[in-house]
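Biologist: I've got a two-chain model open and I'd like to learn how to read it. Could you walk me through a contact and a sheet?

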Amino acid sequence: MQGFLTLQEGQSFKGQASGQWQKPVEGEVVFFTGMTGYQEVLTDPSYKGQIVVFTYPLIGNYGINEDDSESGSPQVGGVVMMHCAEEAYHYQATSSLKDYLTKWNVPFLTEVDTREVTKSIRSEGTCQAVMAHESIQPSDTKTVGQIYLASKSQVTTHGKGKQHIAVIDFGYKESIVDQLVERGVSVSVVPFTHAQKVHELQPDGVVLSNGPGDPKDATKHLSEIKGVLEQFPTLGICFGHQVIALAYGADTKKLAFGHRGANHPVKDVQTGRVFITSQNHNYVVDDESVANTVLEVSFSHVNDGSVEGLMHPSKPILSAQFHPEANPGPEDALWLFDEFFTSVNSKKGVQIYA
Amino acid sequence: MPKKVLVIGSGPIVIGQAAEFDYSGTQGCLALKEEGHEVILVNNNPATIMTDNEIADHVYCEPLTVQSVEAIIKKEKPDAVLAGLGGQTGLNLAVEMNKHDLFTKYNLELLGTSVASIQQGEDRELFRELMDELKQPVPESEVIASVEEALKFTEHYGYPVISRPAYTLGGRGGGIVDNEEELKELIANGLKASPIGQVIIEKSIAGFKEVEYEVMRDANGTCISVCNMENFDPVGVHTGDSIVVAPSQTLTDQEYQMLRTAAFTIISALDVVGGCNVQFALDPYSKKYYVIEVNPRVSRSSALASKATGYPIAKMATKLALGFTLDELINPLTGTTYASFEPALDYVVVKFPRWPFDKFSHADRKLGTKMKATGEVMAIDRTLEGAFQKAVASLDQTIPELAGSLEEHITKPTDLRYFAIVELLKKGTSVKEIHDKTAIDLFFLQVVANIVQMEKTLQSHELDLKLMKTAKIHGFTDQKIAALKGIDEAEVKKLRTQYGVTPSYKMVDTCAAEFEAATNYVYTTYAGINEIEPLPTNKKALIIGSGPIRIGQGVEFDYSAVKAIQSLQKLGWTTVMINNNPETVSTDYTTADRLYFDPINKEVIESIVEHEGIDLVFTQFGGQTAINIAEELAEADIPLAGVSVDTIEQLEDREQFYSVLQSIDVPHIPGEMCHTMREALEAAESYQYPLLCRPSYVIGGQGMVKVENEEQLKAALEQTDARHYPIVLDQFMTGSEAEVDLAADGKNVFIPEIMEHVEPAGVHSGDSMALFPSQSLSSAVKAKIKEYAQKIVQKVNYQGLMNIQFLIAEDTVYVLEVNPRASRTVPIISKVSDVSLIDLAVKVLVKDQVSSLKDIAQPLIQKAAVKYPLFSSHALPELDHKLGANMLSTGEGMCLADTADEAMAKVFEHLPNLYENEHACLIESTRFVKGQSSDVKFTEWLELKEAKVYMNDGNKEEDSLKRIQALKAGVTVFTQATTFNAYVDSLAYDPYQPTPLPGSKEKECV
């Protein structure tokens, strides 16, 4: 059965629909250029409700396994591919990609020239799109407040250890928690809507998680969150990084077509060192706005010079626009977690000897 | 501050080290010049673009040895040395130079990765220590220096084991064995092959997935991965002999990143500055992996990765060696992103090796840890099925009948494994069964099964729009579809056009469309929408490349193609290149105005011609591959540059050719054309044996043999493929040989000079040593040669480049053959005479009015050059390399000097002086040869440490066996008296007087 992906400006791409769709699928359309990592992308809450276009033409080659998901289920609204594997041969695979998407009722299109779609998004910017059996125009309504859908409603705990880290959840990726648990700490995931709970938990440190959409969706919680930032050593990742910027009075803006993929070079402003990062964001901290705040830019993007990380000059607050936890993508920035724990430990030292 | 940089090239092409180093070397030299440095190049491979005066400022075709390089250093006084672009040869030379203290003695800086790091990467013991330190797993192994130690190892770890001699090229002298007897032989040979007498013996991990990463690191410590690649063939087959896919297909992101991180850990510890290749073995059933090998330099794989991604590794590596960092260099393909942005692909790439077994039908076809392929092809498409089929189509080879059991080809892999798998699948063997026997990943096998299934569907179903579209997406050519449907190719094309199923062209842009790119690097696909507009209107030329490097068709044809592009551009033409060899300069996207990376066949060329609106197609510069396709192109009314197909036929078809010669009173060898075996046997009766039996439409004298009697003739004919009829039977004559390369405009002929062969007639010209300009021909003979050349040109009104081979017997000059195209020797003659023959030919072919051949002054050649062949006996030790009519060499070298004697001394510089050691040389010949021989018997002599040179020109089987044995033991073998005498004579001359190519920038040193 044929299906179409139609972008806001009217370009339409024909392909094969995954089945009979009850209703058109609408959402923001984004592209991912990585050659591996489709499972992580599909299950990453930051992609909540989005239509993801995979530029690489062969998707699903190693199937879907039990270990590599970033959440319990697919988060995307729809998927556009050139080819979707129907079989899986990898020893870890428990399902083929096609079966997985079918099982979770994720609508998808195949036989689409995804390079062409990518080019359209590149020139038009990230926009609304619709997947349907006919070429129809997407409605103008922007999806907002996906963080409310992507974050969990209850506090959950993970791992064991002497130290305790609270993750403020905007739609967290499991590998962030995995990275913390791997370092031998216990983790409590707290919904961003209940940030004040952190004070009750009295953790050794706080991580502001990734999440979907516009950081300004969290505006009404900023003061609460700032209260936490002032108290605890903090690491902000992606959405969490943007929230830190907003909390300290900086501004965020929308990028033309976002940064996505597993190949973005980022420069450490202090050392000049460059490393490759995994990224997924439409919004970015406005670098000019940072000048008016206490925050300092710690990382910048090599290609477009945009803000990739912030730090507080006197408080143990670090943040990164990229994903140090990788999954998918390079592990080159894993050390950021170590740096975070260094600040957690030194803060503790201060408390003891104070 | 601008520096004077000495760049070390990789030397003549041998198996394991081919054109990829011309590509990387050329890029490196240009990158140095771009930054304002002066480039001195030493490379004795004259057939390269790199050794062109436009690439380096001063070019030395001198031996790549410490003494010879020291002489150049003394003369040129460089500030720095760049060795990382010259393959294993360059790296080994740098290590040797360090050992001889040249860097301190002459205050030279080694750019890029340090000698200590090179040694740590290359020396097996040091490497293993480092891996242990980094907690990077390596297979259980031991460095050994004797056979006894090897036996001890297998006692402990069992078989199979792999032997890898230290500091060798393309796995030279290595292999995989599963019993004691084989082990003993392999280790003994391996110890000899290793310059430091070390072999690493390793527990085999055959069956693991083999994955490679091409990574870069700058002095700041920034690392990026340019490309990862996965081998279709699991561990056990040398990566150079493996089918390779990029990017990896069967690895999860976790696995991909795990290995990428490991590669970064290793290159950071090695403190690599530049490019590096890291090879891993990954357990298909767990996350367990091993580091197999690290090459701290650009390599064959890096050339492949460059072409697979568009990312110019060698150029960037050179800049990193100069101290630049990845975040300050712009990615030239996008022009907007930086070199630190890791490439993303939106297509798949398949590399297929090209083996020499079509020429060496007696060679051992089994593949193992020692590389046997001479070259490779690459294909780009958006489906794996399409890429596989395109790669196979690019091989330019008929797949031989699969002899013996199909299973044998897959369990003990041979070059035909892929084709055996196809056959087995056709016969109904399941993918699972093949997987169990080969350990090839089911994912890849399923791709092959899909192709086989599509063949069956094509045979059984109506060719409707949907099927046509799917078949094209799966990479089926019109020709193949036609064959499967039993209809005409033209009919398929007609139908296809009716359905609107036409090729699209897509861009290789390093970033998967994320950024706008200004690239001219293009491939054909049926999966997707066309995004390539024809180049702006102008005079447009399409240059057809020569495909993969093989015996008889080497890098010299890439030189021709690249020079033709440059000439055309100078004349105001827009140039379009089509080729499929990832190792070459012609497939560097900066060479032509647009590059189509595609198989060379009529269907593809026709589509490109239509799409671009090509005005003229050039077939003279792509070797026999391009010439062979001319007829089909002419039939399709494609405008070809130069003479008509009929004229080519007149020169290539023996019958017509002999009648042309007769009509102008030019003597030729008595001979006859025979269309069947019977005709040949009948014809033979009217001649006296020996006869020369030569098949048609072949490269490098493939299948050409000298036969002494009827029995041998019969045997030879029985081996000749039907498509190589008619065959020619020529009277075998003794005499000397000479050849000319000329440019002609129909009337006028320009011959820079005559080239004279050292070996007598009967030895293929590609395997002969040759002197240029000729040294001993009488002026009468020279005049005759020129006269005959002129007559032939005028008779057929020939335009362009032509190579003519002559035989001189008792002052009579006979014409042996004419090659109506750029030949193997064109680069040598152009460089030594400092006149670009290609340039002249292009001007004629595009009917440039400004210049005329008549006005070209005869060059005054002040230097003497010796061209010599190089054999890859290290890769094919089971072959007797006795010189004959069938070409055996894989590459050629050249040395230049003030006199021919000095040039000859340079050629043999690496050999000992046989007068200085009584056992250095053993001569077994019935002919008169110079020099002195050891008096020890062959078998005992071979055991001696001093045994270095063996001369045996006998024709008996025993001689052949002895030669093979000597080669296996690493001894230099001579099989012709004239070559040997040339070596002995050369001992009297000094090889250390560096002589730059004429036209090098500094004229004062001439």
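Modeller: We'll take the contact between the chains, then a sheet in chain B. Keep in mind that this is a predicted model.

Biologist: Let's start with the contact. How many residues does each chain put in?

Modeller: Chain A brings 43 residues and chain B brings 43 residues.

Biologist: Which helices of chain B each supply at least two residues to the side that touches chain A?

Modeller: Look at H9 (253-270) and H16 (442-460) of chain B. H9(B) gives the most to that side, with six residues.

Biologist: And how do the residues on that side of chain B divide into nonpolar, polar and charged?

Modeller: You'll find 20 nonpolar, 14 polar and nine charged residues there.

Biologist: Now the sheet. What is the order of the four strands in chain B?

Modeller: Read across, not along the chain: E6-E9-E7-E8, an open sheet with antiparallel pairing. Strands E6 (141-144) and E8 (175-177) of chain B each have a single partner strand, so one side of each has no neighbour in the sheet. From one strand to the next, the twist averages 25 degrees.

Biologist: Where could I check a pairing by eye?

Modeller: Try E7 (161-165) and E8 of chain B, which pair in the antiparallel sense over three bridges. B:Ser163 stands opposite B:Gly175 in E8(B).

Biologist: Which helix lies across E7, E8 and E9 of chain B?

Modeller: That's H8 (180-193) of chain B, running at about 15 degrees to E7(B). Strand E9 of chain B covers residues 199-203.

Note on methods
Residues are numbered from 1 along each chain as its sequence is written. Chains are lettered from A and ligands numbered from 1 in the order in which they are written. This is a predicted model: local features need pLDDT of at least 70, side-chain atom pairs count only at pLDDT 80 or more; totals for chains, interfaces and linings use all residues. Two residues are in contact if their C-beta atoms, placed from the backbone, lie within 7 Å. Ala, Val, Leu, Ile, Met, Phe, Trp, Tyr, Cys and Pro count as nonpolar, Asp, Glu, Lys and Arg as charged, and the others, Gly among them, as polar. Two strands pair if DSSP finds at least two bridges between them. Axes are lines fitted to C-alpha atoms, for helices over the stretch in contact, and angles run from 0 to 180 degrees between N-to-C directions.
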